[in-house]
Every structure is written in structure tokens, then in C-alpha cells.
Amino acid sequence: LTAYIPSSNPNPTAVIVPPGGGYVHLSMVHEGSDIAQWLNARGIAAFVLKYRLGPRYHDPIELEDAQRAIRTVRADAAQYNISPDKVGMWGFSAGGNLTASAGTRFDSGNSAATDPIDRQSSRPDFLILAYPVITMTDPYVHKGSRTALLGPDPTQAAIEANSPELHVTPQTPPTFLYATTDDGTVPAIN
């Protein structure tokens, strides 16, 4: 988790940025540090998340990395002059899947944990999904992302668990989602 802290953060909002890359690599500049610098120019703290990838790691490792990032930023809010109730995520492509998963598969933390980070909620306060891989179901799945995240032969239960559109509830954070119809990688139906 790389922190990009602006000289002034009047909001005081923080955004965790998981770059895309099909769960096999990370676009750390175009969908990472460039976004963090854009946010900083607007007075917003940013944290670029370098999460673990397939084929070595599979679900739920990536989600655990995102949840730990949210908890860490919240636990360290005072250090970064941010509000612990203004911690969101802005994910791109497969990072959008990870962001949407964090927004639908969260917990309130463990109040009895000895680690103060583990006491924090893993629910983001808002989501921005940029041309996200939302579904892991056919026919709209980005198959490379599904294979990297779930392995070559995932169960139907794993596919459904990692399709955030199936898990939206009133507790899902407010979400801004955008995509374009000419995206040649992730079908806009996502």
C-alpha cells in the first residue's frame, strides 16, 4: 500500500486505488500512481494497492488484501489527516472487480482483536468502478480474469461468490460506475 498524501486535504477523504491487470499483472502507473496524483491535485489522499495475483494466488487472497488496506487506512486515519468514515475505493478493470467485491463482501471488524487494524471495518464508504470486471458468469465474464482469480476450473459457487452484482444490498456503499461500449477488453455489460 503506497500512500500519496496531498499537501492539503480539505475533505478529508481517502481513496484506495487497486489497479487493473486481469489479476495477472498490475497497471501501477496508468491505473495507479497517475490516479493517485490526480486525486492529490484535488486535495484527496490516495493509497495505491499492490495486491497479490494469480496464478499463484486465488480468491480470497486478493479480497483479503483489499480488506486489509481499508482497515489499515482507517486505523491510520489520524496520521494521514483523513476521516475514518471517508475511505473509499476506485478500481479499474480487474481492480474494479476487487473494489466491487470489497463493497459487497465486508465485515465490521473484530472488536476483540489484539491488532488495532483488525478492529476496523472493511466496508468502503464509497466505490468508483472504472470499466470493471463485475461478473464472473458467462457469457459476459472476462475469462482471463476469472481464470487468474479462481483457477482454471472454478466451481459454480466460487463464480457466484465473486460476481458482485449478485450481492448488492442496501448496505452496499454508494457506487459510481462507468464503462464505454467500445472497450475491447471488458464487455460494457459489466
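This briefing covers two buried helices, a cavity, several single residues and some backbone features of a predicted model. Helix H4, residues 94-104, has 11 of its 11 residues buried, so the rest of the structure largely encloses it. Helix H2 has 11 of its 15 residues buried, so it too is largely enclosed by its surroundings. A search of the whole structure finds 1 cavity of 30 Å³ or more, and H2 and H4 each supply at least two residues of its lining.

**Helix H4**

- The buried residues of H4 include Ala94, Gly95, Gly96 and Asn97, followed by Leu98, Thr99 and Ala100.
- Ser101, Ala102, Gly103 and Thr104 are also among the buried residues of H4.
- These buried residues pack against two helices, H2 (61-75) and H5 (143-150), and against two strands, S4 (87-92) and S5 (127-130).

**Threonine 104**

- Threonine 104 lies in helix H4.
- Its relative accessibility is 16%, and because the cut-off for buried is under 20%, threonine 104 counts as buried.
- A polar atom of the threonine 104 side chain is 3.0 Å from the backbone oxygen of alanine 100.
- Leaving aside residues up to four places away in sequence, threonine 104 touches Pro164, His167, Val168 and Thr172.

**Helix H2**

- H2 has 15 residues and spans 21 Å from its first C-alpha to its last, close to the 21 Å expected at 1.5 Å a residue.
- Its buried residues include Glu62, Leu63, Asp65, Ala66, Gln67 and Ala69.
- Ile70, Arg71, Thr72, Val73 and Arg74 are also buried in H2.
- The packing partners of the buried H2 residues are strands S2 (14-17), S3 (45-48) and S4, together with helices H3 (77-80), H4 and H5.

**Threonine 72**

- Threonine 72 is a residue of helix H2.
- Threonine 72 counts as buried because its relative accessibility is 19%, where buried means under 20%.
- Not counting residues up to four places away in sequence, threonine 72 touches Leu1 and Ile117.
- Lysine 50 is 22 residues from threonine 72 in sequence, and the two C-alpha atoms are 14 Å apart in space.

**The cavity**

- The largest cavity has a volume of about 40 Å³.
- Its lining consists of Tyr23, Asp59, Glu62, Leu63, Asn97, Leu98, Ser101, Arg105, Leu149 and Asn162.
- H4 gives the most to this lining, with 3 residues.
- By type, the lining residues divide into 4 nonpolar, 3 polar and 3 charged.
- Glu62 and Leu63, both in this lining, are also among the buried residues of H2.
- Asn97, Leu98 and Ser101, likewise in the lining, are among the buried residues of H4.

**Serine 83**

- Serine 83 sits in the loop between H3 and S4.
- Serine 83 counts as buried, at 16% relative accessibility.
- The side chains of serine 83 and aspartate 85 are joined by a polar contact of 2.2 Å.
- Pro12 and Ala77 are touched by serine 83, not counting residues up to four places away in sequence.

**Cis peptide bonds**

- Glycine 54 and proline 55 are joined by a cis peptide bond, with omega about 5°.
- Proline 55 is in the loop between S3 and H2.
- A cis peptide bond also runs from aspartate 59 to proline 60, with omega near 15°.
- Proline 60 is found in the loop between S3 and H2.
- Asp59, which takes part in this bond, is one of the residues that line the largest cavity.

**Positive phi angles outside glycine**

- Serine 93 has a positive phi, near 55°, although it is a residue other than glycine.
- Serine 93 is located in the loop between S4 and H4.
- With a relative accessible area of 12%, serine 93 is buried.
- Tyrosine 131 is not a glycine, yet its phi is positive at about 35°.
- Tyrosine 131 is in the loop between S5 and H5.
- Tyrosine 131 counts as partly exposed because its relative accessibility is 22%, and buried would require under 20%.

How values were computed
Residues numbered from 1 in each chain as written. Predicted model: local features only at pLDDT ≥ 70, side-chain atom pairs only at ≥ 80, totals over all residues. Heavy atoms only, no water. Buried < 20%, exposed > 50% of the residue type's maximum accessible area, 1.4 Å probe, protein only. Helix = DSSP H or I, 4+ residues; strand = E, 2+ residues; numbered from the N terminus. Contact = heavy atoms within 4.5 Å. Polar contact = N/O pair within 3.5 Å; in protein donor to acceptor, adjacent residues only side chain to side chain. Expected span 1.5 Å × (residues − 1). 1 Å grid on protein atoms, 1.4 Å probe; cavity = no way out; pocket = protein on both sides within 12 Å on 5 of 7 lines; lining within 4 Å. Points joined across faces, edges and corners; volume = space filled by probe spheres on them. Nonpolar A, V, L, I, M, F, W, Y, C, P; charged D, E, K, R; others polar.
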